[in-house]
Amino acid sequence: MFDGIETNTGLVVFSTNQQFLLSSDDTVLNPDTAKLRSLSTFNYNKDVPPISLGTTVAYLDDSGKFSRFNEMANIAREGQPNVVNQSQVVPTLLPKDIDLFTNSRENNIVIMGKTNSDTVFGYKYLAIGDKRQQQAWFKWKLPGNVQTISVDSDVMYAVTMQGGKYTLCSASLNQTPEESILVN
């Protein structure tokens with residue numbers, strides 16, 4: 001087991017090729033009441049922790065020639081969750097070995113990239129109730145090689161390496177017409 005992420009039904013635990021739910025049918029979780037149930041058997045990139053998208057869990061799979069962005073929904077103690085490869089519509093977009101993964105639940109956006117690359121990839125979605133109404137993929141070329149990325153409120157921050165110097169760039173995730181998208 002490499003990672004875990006809390007959900008309202010228990011702890012979703014990841015191995016490299018299977019996902020489990022650690023939970024209890026009792027009100028108290030202890031060694032006597034703990035149950036580890038198999039949820040699904042999808043590959044998982046153990047180098048990148050999963051993220052919560054609010055009511056779903058997102059994680060990466062890099063077992064093929066390109067990375068895949070999977071989203072797990074309807075996680076319950078009984079039955080199978082729904083796992084969707086959201087990157088299936090862009091199967092060659094995400095490079096192998098992505099190691100940067102962050103999101104903004106408030107802006108319904110996931111940002112991912114590869115250290116020492118000048119490109120980050122984004123997945124923007126609109127969910128209304130339990131339905132995904134819209135989704136789009138994009139990529140941004142940054143001025144320099146990305147060292148790390150993070151999101152705070154409505155801004156994505158990226159530390160890049162340019163000409164041997166580190167630069168902090170910021171990108172508005174909630175741009176107004178008078179704002180520029182990228183500032184360094």
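Analyst: Two strands are called paired if DSSP finds at least two bridges between them. Strands themselves are DSSP runs (E, at least two residues), numbered from the N terminus. The model is predicted, so local features need pLDDT of at least 70 and side-chain atom pairs pLDDT 80 or more, while totals for chains, interfaces and linings use all residues. Residues are numbered from 1 along each chain as its sequence is written, and side-chain values use heavy atoms, without hydrogens and water.

User: What makes β5 and β6 a pair?

Analyst: DSSP pairing asks for at least two bridges. β5 and β6 (residues 57–61) have 2 bridges and run antiparallel, so by the definition they are paired. One residue match here is serine 52 with valine 57, its bridge partner in β6.

User: How do you know that β6 and β7 are paired, and what do they form?

Analyst: The number of bridges between β6 and β7 is 5, in the antiparallel sense. The threshold is at least two bridges, so this pair also qualifies. Within it, tyrosine 59 has asparagine 70 of β7 as its bridge partner. β6 and β7 form a hairpin, with 6 residues between the two strands.

User: How many bridges join β7 to β8, and in which sense do these strands run?

Analyst: β7 and β8 are joined by 4 bridges and run antiparallel. A residue facing across is asparagine 85 in β8, which stands opposite asparagine 70.

User: In what order do the strands of this sheet stand?

Analyst: The order is β5-β6-β7-β8, an open sheet of 4 strands with antiparallel pairing. β5 (51–52) and β8 (82–85) are at the edges, and each has a single partner strand, so one side of each is left without a neighbour in the sheet.

User: Why is strand β7 called mostly covered?

Analyst: A residue is buried under 20% relative accessible area, exposed over 50% and partly exposed in between (1.4 Å probe, protein chains only). In β7 (residues 68–73), 5 of the 6 residues are buried.

User: Is asparagine 70 buried or exposed, and where does it lie?

Analyst: Asparagine 70 lies in strand β7. The relative accessibility of asparagine 70 is 3%, so this residue counts as buried.

User: Which residues is asparagine 70 in contact with, beyond its neighbours within four places in sequence?

Analyst: Contact means heavy atoms within 4.5 Å. With those neighbours left aside, asparagine 70 is in contact with Val57, Ala58, Tyr59 and Asp61, with Val83, Val84 and Asn85, and with Phe42 and Asn43. Tyr59 in that list is the residue whose bridge partner in β7 is asparagine 70.

User: What sets the phi of aspartate 97 apart?

Analyst: Most residues other than glycine have a negative phi. Aspartate 97 is not a glycine, yet its phi is positive, about 70°. Aspartate 97 is found in the loop between β8 and β9 (100–104).

User: Why is aspartate 97 called partly exposed?

Analyst: Aspartate 97 has a relative accessible area of 41%, so it is placed in the partly exposed class.

User: Where is asparagine 108, and what is the sign of its phi?

Analyst: Asparagine 108 sits in the loop between β9 and β10 (109–113). The phi of asparagine 108 is positive, about 50°, although this residue is not a glycine.

User: Which exposure class does asparagine 108 fall in?

Analyst: Asparagine 108 has 22% relative accessibility, so it counts as partly exposed.
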